[in-house]
Amino acid sequence: MDKVRIGIIRCGGISSNHIYGVKKLVENGCKEIEITALCDQNKENAEDKKNLIKQFQKNQPIIFTEYEKVISKKICDGFVLCLPHFLHHTIGIELLKNNYHIMIEKPLALTLKIGKKLVKEAKKRNLVLSIAENVRRYLGPRAIKWAIENRRYVGVIRFAHVNLVIDSPFDYTQYTMKWRGVKLLSGGGMIMDSGHHFSDMLLYLFGDVEDVFCEIRKYDERIIEEVPILKKAKADVEDTWVSLIKFKNGIFVNWVYSRSAPGFNLNFGLYSGQFGAIKDKGFVFHPFQNGGDIILKDGKIIKSEEIEKEFLNSLSKEEKEKLFPYNCYDGFGLEWIEFARCIKNGLKPEIDGEGGLKIMALCESCYESDCIKLPVKFKDVYSGKIENYQKEINNFWK
Ligand SMILES: NC(=O)c1ccc[n+]([C@@H]2O[C@H](COP(=O)([O-])OP(=O)(O)OC[C@H]3O[C@@H](n4cnc5c(N)ncnc54)[C@H](O)[C@@H]3O)[C@@H](O)[C@H]2O)c1
């Protein structure tokens, strides 16, 4: 295999980020990937993305409006799925059954039961199933993990408080928000959406979860018009929640969100340890993507830039090449090069199907806890023993 040939299925909002990620790799000398196909029912969207690809790739991808056609053409080794959540499993399974490797935008699927089907199918056929979880791959999150575990600036982490409180109702006139407002199509609201990045970072930093308590509110229950499949539906995903996540090592995380909170905004992420605290500098649902400053007990501040520099200096040439090949620091570019190399060399991605299920299980634990108004054991949600919230979705999709 010379270049790994990758197709993109659906060319909506996030596909541009993927293409810019590949552009950064190519500009830094990468010759390992070629985007050979773009598929979207909306041809204009695909044409737009083709124009982006023209800027850095000699051979132009072929445009398809039906995914069945691109499957039969055999011009791709694998596909990156930039689909609304309700299509992850339908198209994902179809691609796996046709022996294609896939990288699925987060979350893996609408429910754990559906996600497990995807994982089983990929395993059975020995295919790469990678989760496009970009946040942990940036320099900031990698450096903070190192600062906690290796440099041990703040000693043992004891707890974290992460609050995002805003007045920002979804714009349900936009297609991209219509499917996001309905549980049957999205699997859930922000807990499953940006919350996926947050859940992944918590698992990445703090390990296994013991139990989760969460209460959800839906203050915004507008009727959404022109919803895919359902035509008209009431917004029924959470717009507000308070949750408490307890890890097996004793760390507890208080995770609070509302987008129905006029008057005062909060975007606050504090991770508190024995000798000081780490303060997230960016959007707190993408932990440390823009770095984190450390404030020690004696008031000394270690700026994120300093931590990142120190972290990079600590890496061997091999470690640096593994984490940031082609000097690429873009989370999307990094997930693409990993996906391509996994296909080429038969490797396992950093976040494979099992990893995707674990992240989902943390998100689902929040929904399941709210459903029974009690804390839930993470292992019971992961195993499927508790699935009250997800049942309606499983029944709908049979
Ligand atoms: N990694 C991240 O940071 C990140 C960020 C955003 C989305 N995502 C994920 O990416 C996946 C896709 O999300 P997205 O935001 O790209 O979805 P999207 O709604 O923008 O696009 C999905 C599909 O809808 C079509 N579409 C878009 N606008 C349309 C319109 N006006 N009329 C008709 N069709 C239209 C697109 O062409 C595409 O086929 C989801 O799994 C999502 O969770 C990830």
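## The ligand pocket

In this predicted model, the largest pocket is the space that the ligand takes up. Three elements each give two or more residues to the shell around the ligand, namely helix H1 (13–27), helix H4 (85–97) and helix H7 (175–178). Because domain 1 (4–135 + 326–351) and domain 2 (136–310) both contribute residues to this shell, the ligand lies between the two domains.

## Composition of the shell

The shell around the ligand holds 22 residues, and those that come nearest are Arg 10, Ile 14, Asp 40, Asn 45 and His 85. By character, the shell residues divide into eight nonpolar, nine polar and five charged.

## Polar contacts and burial

Asp 40, which is among the residues that come nearest to the ligand, places a polar side-chain atom 2.6 Å from an oxygen atom of the ligand. Nitrogen atoms of the ligand also have polar side-chain atoms beside them: one is 3.5 Å from an N or O atom in the side chain of Glu 105, and a distance of 3.1 Å separates a ligand nitrogen from a polar side-chain atom of Asn 134. The ligand taken alone exposes 820 Å², and the protein buries 81% of that area.

## Backbone features

Where does a cis peptide bond occur in the chain? The bond joins Lys 106 and Pro 107, with an omega of about -15 degrees, and Pro 107 is placed in the loop between strand E5 (101–105) and helix H5 (112–124). Glu 105, whose side chain has an N or O atom 3.5 Å from a nitrogen atom of the ligand, falls within the residue range of strand E5 (101–105).

A further backbone feature concerns Lys 231, which has a positive phi of about 70 degrees although it is not a glycine. Lys 231 is found in strand E10, which covers residues 231–234.

Technical notes: Residues are numbered from 1 along each chain as its sequence is written. This is a predicted model: local features need pLDDT of at least 70, side-chain atom pairs count only at pLDDT 80 or more; totals for chains, interfaces and linings use all residues. Side-chain values use heavy atoms; hydrogens and water are left out. A residue is near a molecule or strand if one of its heavy atoms lies within 4 Å of it. A polar contact is a pair of N or O atoms within 3.5 Å; within protein, one must be able to donate a hydrogen and the other to accept it, and residues adjacent in sequence count only if both atoms are side-chain atoms. Accessible areas come from the Shrake-Rupley method with a 1.4 Å probe; for residues, only the protein chains shown count as cover. On a 1 Å grid over the protein atoms alone, a cavity is a set of points where a 1.4 Å probe fits but cannot get out, and a pocket is an open set with protein on both sides within 12 Å along at least five of seven lines; lining residues have an atom within 4 Å of a point. A molecule sits in a cavity or pocket if more than half of its atoms lie within 2 Å of its grid points. Helices (H or I, at least four residues) and strands (E, at least two) are DSSP runs, numbered from the N terminus. Ala, Val, Leu, Ile, Met, Phe, Trp, Tyr, Cys and Pro count as nonpolar, Asp, Glu, Lys and Arg as charged, and the others, Gly among them, as polar. Domain bounds come from an automatic or database domain assignment.
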